[in-house]
Amino acid sequence: MAFFDAMNISATGLTAQRLRMDVISENIANVNTTRTLEGGPFRRKTVIFQEIQETPFSALLADTVDPTAGAHRRRPLGMGVRVSQIVQDPSDGPLVYDPAHPDANAEGYVAMPNINIVEEMVNMISASRSYEANITAINTSRALMQRTLEIGQ
């Protein structure tokens, strides 16, 4: 793996986790939204990640010699991660009794968003830690490159 491949892989992780944090922030901001343009309460959104597939160039780098078999074999070469889609959680939110609310049904219940604020905060912490880990990986790669360049001096 080339030096810049490690940085590119970490950069894809940074981008994906930043989008995940944006979606989580949107969920938290809409925790009390009972009416949307689509009708009904806000639906919690989640981010689905997918491995970035090999490119024709990266496939050339994936050929290695297997020391146990003594022959060439293909090994998977990770190229990073991307957001494949943002999906809505189809589960129903709680019904809250509030007959004075403008969105209350005939029985006086209001359909609330299916957002659990504790779960969203845990997801936000997880995304933040993943973001920090990718920054650490980039800084480590940069330090290794600098050390490699210093060897020749």
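Q: In which part of the chain is the place of threonine 36?
A: In this predicted model, two elements flank threonine 36, namely helix 1 (3-29) and strand 1 (45-51). The place of threonine 36 is in the loop between helix 1 and strand 1.

Q: Does threonine 36 count as buried or exposed, and what is its relative accessibility?
A: Buried residues have under 20% relative accessible area. Threonine 36 therefore counts as buried, its relative accessibility being 18%.

Q: Which residues does threonine 36 touch, not counting residues up to four places away in sequence?
A: Residues up to four places away in sequence are not counted here. With these set aside, threonine 36 touches Pro41 and Phe42.

Q: With which side chain does the side chain of arginine 82 make a polar contact?
A: Arginine 82 is found in strand 4 (residues 81-88) and is partly exposed, at a relative accessible area of 40%. Not counting residues up to four places away in sequence, arginine 82 touches Ile48, Phe49, Gln50 and Ile52. The polar contact, at 2.7 Å, is made with the side chain of glutamine 50.

Q: What distance separates the C-alpha atoms of arginine 82 and alanine 16?
A: Arginine 82 and alanine 16 are 66 residues apart along the chain. Their C-alpha atoms are separated by 5.8 Å.

Q: Why does the span of helix 3 agree with its number of residues?
A: Helix 3 (residues 117-151) has 35 residues, and at 1.5 Å a residue it should span 51 Å. The expected span is 1.5 Å times one less than the number of residues. The agreement follows because the end C-alpha atoms of helix 3 are likewise 51 Å apart.

Q: Which backbone nitrogen does a side-chain oxygen of asparagine 116 reach at the start of helix 3?
A: The approach is made at the start of helix 3, where the side-chain oxygen of asparagine 116 comes to within 3.1 Å of its partner. That partner is the backbone nitrogen of valine 118.

Q: Which parts of the chain does the salt bridge between aspartate 103 and arginine 35 tie together?
A: The side chains of aspartate 103 and arginine 35 meet at 2.5 Å, N to O. Aspartate 103 lies in the loop between strand 5 (95-97) and strand 6 (109-111), and arginine 35 in the loop between helix 1 and strand 1, so the pair ties together parts that are 68 residues apart in sequence. Aspartate 103 is partly exposed at 23%, whereas arginine 35 is exposed at 53%. The parts tied together are thus the loop between strand 5 and strand 6 and the loop between helix 1 and strand 1.

Q: With which residue does arginine 43 form a salt bridge?
A: Arginine 43 counts as partly exposed at 26% relative accessibility. Its partner counts as exposed at 66%. The closest N and O atoms of the pair are 3.6 Å apart, and the partner is aspartate 92.

Q: Which residues do salt bridges that share partners join into one network?
A: Arginine 44 forms a salt bridge with glutamate 119, with the closest N and O atoms 3.3 Å apart. This pair links distant parts of the chain, arginine 44 being in the loop between helix 1 and strand 1 and glutamate 119 in helix 3, 75 residues apart. Arginine 44 is buried at 9%, whereas glutamate 119 is partly exposed at 37%. The network joins Arg44, Asp89, Glu119 and Glu120.

Key
Residues numbered from 1 in each chain as written. Predicted model: local features only at pLDDT ≥ 70, side-chain atom pairs only at ≥ 80, totals over all residues. Heavy atoms only, no water. Helix = DSSP H or I, 4+ residues; strand = E, 2+ residues; numbered from the N terminus. Buried < 20%, exposed > 50% of the residue type's maximum accessible area, 1.4 Å probe, protein only. Contact = heavy atoms within 4.5 Å. Polar contact = N/O pair within 3.5 Å; in protein donor to acceptor, adjacent residues only side chain to side chain. Salt bridge = Lys/Arg side-chain N within 4 Å of Asp/Glu carboxyl O.
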